[in-house]
Amino acid sequence: MTVVVRNPWQALARSGLLRGVWPWRSAGYLASSVLTGLPALVALVVLAGFSLVLVGLPLLVLGGVSLAAVERRRLGMADDEPAPSPHRTPAEPGLAAWLRLRLAEQATWREFAYGLLHALVLWPLDLLAVGVAIGLPLGMAAAPLQLALDGHEARVVKTVLVTGYPQAFAAAAAGAVLLAVLLYPLAALAGARAQLTRLLLAPREGELRDRLTEVTRSRARLVAAFEAERRRIERDLHDGAQQRLVALTMTLGLARLDAPAGPQADRLEAAHGEAGRVLTELRELIHGIHPQVLSDYGLGAALADAADRSPVPVEADLRLPRLDRSVETAAYFAVNEALANAAKHSGADRIRLDARYGDGLLVIEVRDDGRGGAAADKGTGLTGLADRLAVLDGTLTITSPTGGPTSLRVEIPCRALCG
């Protein structure tokens, strides 16, 4: 089994550190600290001067937000695990809403503290560590080259004087050994430095939980908006287009009765029949958008109606109270899709439908005796239904071995409105 190493600490826990890329990734991460730390120091000095007149103080605080975004990207040099932004999206557009939200977030002040620490302490220490662990051994390894260029003597890292090649090559060998030794603490320092960055700049558990809650609420609002729009379309079709088609059908029927026998009467009769078929299709469309029986009598009656209309005989056991409208709608369309798939694809002779509610949980099972092989990822429409159920904290489980039978199970935690 291949073990994936994601950071220097994991690399240190395994053999072969020097044969891998982590020592050099660690050195690159620490050395690149100067690219953000030095500009941060300059900006800190400039903005601190402006903050004396309260102009640069907000910029000083919010500057940490920009620095943190760069540092989260740079963190990828020493840690393969992504570091997402801890900030929330403002509920309103505009700079003012963005500023209010950022100044109220704890993450902004952690980023400000990191900016101060990075500008004043961290990047000089990072650069010093790279200089000692990489620069010192390389300086010793360059002793023969220095001696060759000078011709008489060389000072190894500006300290030890060597006057012959045996001494120079001994210094070079010592430098190679020292480099191999110092790469270990350098990798450990880079791992600690990366963890400090993640601690201050990545989202905390509570922030991730709040973000997940907001995403769940957002999905629920989208589903509610979709349901409201669907009911509006259903109402417009029912009260508008359907009523006009009924009037047109009646007009054509009366005209056919009044017309004398002949080609004109035949054309009126054909138009009357076509209008009747369009009206029937429209009624079926309205029923598919949101059946009236679901709104009037609840999920149990709607499932019984769907079972009666199924081309495959359905044996139903339905024991359900009235539930929340969103729960009833999601469950109805999941069962409707299951019945439609069984009729179209399974070759089943019979279907069993069980629906019950108890202990705050709605459970629906649809089983058929067909050929099996059904899956949510085969374009049957069940993937979208599973996503819709997930908004309600519900689950959709499909068991369909080749040869059958197929079983679909829906579970939705909910509260009964009445018995």
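This passage describes the fold, cores, strand pairing and salt bridges of a predicted model.

The protein has 419 residues, and 38% of them count as buried. Its secondary structure comprises 14 helices and nine strands. Many contacts span long stretches of sequence. Among contacts with a separation of 6 or more, 69% join residues 24 or more positions apart.

Helix 8 covers residues 165-201, a run of 37 residues. Its first and last C-alpha atoms lie 51 Å apart. That span is close to the 54 Å expected at 1.5 Å a residue. The helix nevertheless has a kink. The bend is about 25 degrees and lies at Leu183. The proline Pro185 follows shortly after this point.

The largest nonpolar core holds 33 residues. Leu299, Leu303, Tyr332, Leu362, Ile364, Val366 and Val410 touch the most other members. Both helices and strands supply this core. Helix 11 (292-297), helix 12 (299-309), helix 13 and helix 14 (382-391) each give two or more residues. Strand 5 (351-358), strand 6 (361-368) and strand 8 (406-413) do so as well. Helix 13 gives the most, with 10 residues. Another core lies apart from this one and has 17 residues. Its members include Leu30, Val130, Ile134 and Leu186.

Leu303 shows how the parts of the largest core meet. Beyond residues up to four places away in sequence, Leu303 touches Leu318, Leu320, Tyr332 and Val335, among others. Leu353, Ala355 and Ile364 are also on its list of contacts.

Strand 8 pairs with two other strands described here. Strand 6 and strand 8 run antiparallel and are joined by eight bridges. Within this pairing, Asp368 has Thr406 of strand 8 as its bridge partner. Strand 7 (residues 395-399) also pairs with strand 8 in the antiparallel sense, over five bridges. Thr395 stands opposite Glu411 in strand 8. Thr399 stands opposite Ser407 in strand 8. Strand 7 and strand 8 form a hairpin, with six residues between them. Gly403 lies in the turn and has a positive phi of about 100 degrees.

Asp393 lies in the loop between helix 14 and strand 7. Its relative accessible area is 58%, so Asp393 counts as exposed. Asp393 and Cys414 are 21 residues apart along the chain. Their C-alpha atoms are separated by 9.2 Å.

Charged side chains form a further set of contacts. Side chains of opposite charge can pair when their charged atoms come close. The whole structure contains 17 salt bridges. One of them links Glu105 and Arg102, with the closest N and O atoms 3.1 Å apart. Both Glu105 and Arg102 are buried.

A second example involves Glu328, a residue of helix 13 (residues 325-346). Glu328 forms a salt bridge with Arg322, and the closest N and O atoms are 3.1 Å apart. The two partners fall into separate accessibility classes. Glu328 counts as buried because its relative accessibility is 2%, and buried means under 20%. Arg322 has a relative accessible area of 25% and is therefore partly exposed. Outside the four places on either side in sequence, Glu328 contacts Leu294, Gly298, Leu299, Pro321, Arg322 and Leu323. Leu299, in turn, is among the residues of the largest nonpolar core that touch the most other members.

A third salt bridge joins the side chains of Glu411 and Arg409, at 2.5 Å from N to O. Glu411 has 24% relative accessibility and so counts as partly exposed. Arg409 is likewise partly exposed, at 26% relative accessibility. Both residues belong to a network of salt bridges. The network also links Glu315, Asp317, Arg319, Arg352, Asp354, Arg356, Glu365 and Arg367. Glu411 thus has two roles in this account: it faces Thr395 across the pairing of strands, and it takes part in the network of salt bridges.

How values were computed:
Residues are numbered from 1 along each chain as its sequence is written. This is a predicted model: local features need pLDDT of at least 70, side-chain atom pairs count only at pLDDT 80 or more; totals for chains, interfaces and linings use all residues. Side-chain values use heavy atoms; hydrogens and water are left out. Helices (H or I, at least four residues) and strands (E, at least two) are DSSP runs, numbered from the N terminus. The expected span of a helix is 1.5 Å times one less than its number of residues. The bend at a residue is the angle between axes fitted to the seven residues ending there and the seven starting there. Buried means under 20% relative accessible area, exposed over 50%, partly exposed in between (1.4 Å probe, protein chains only). Contact means heavy atoms within 4.5 Å. A nonpolar core is a set of buried Ala, Val, Leu, Ile, Met, Phe, Trp, Tyr and Cys residues joined through side-chain atoms within 4.5 Å. Two strands pair if DSSP finds at least two bridges between them. A salt bridge is a side-chain nitrogen of Lys or Arg within 4 Å of a carboxyl oxygen of Asp or Glu.
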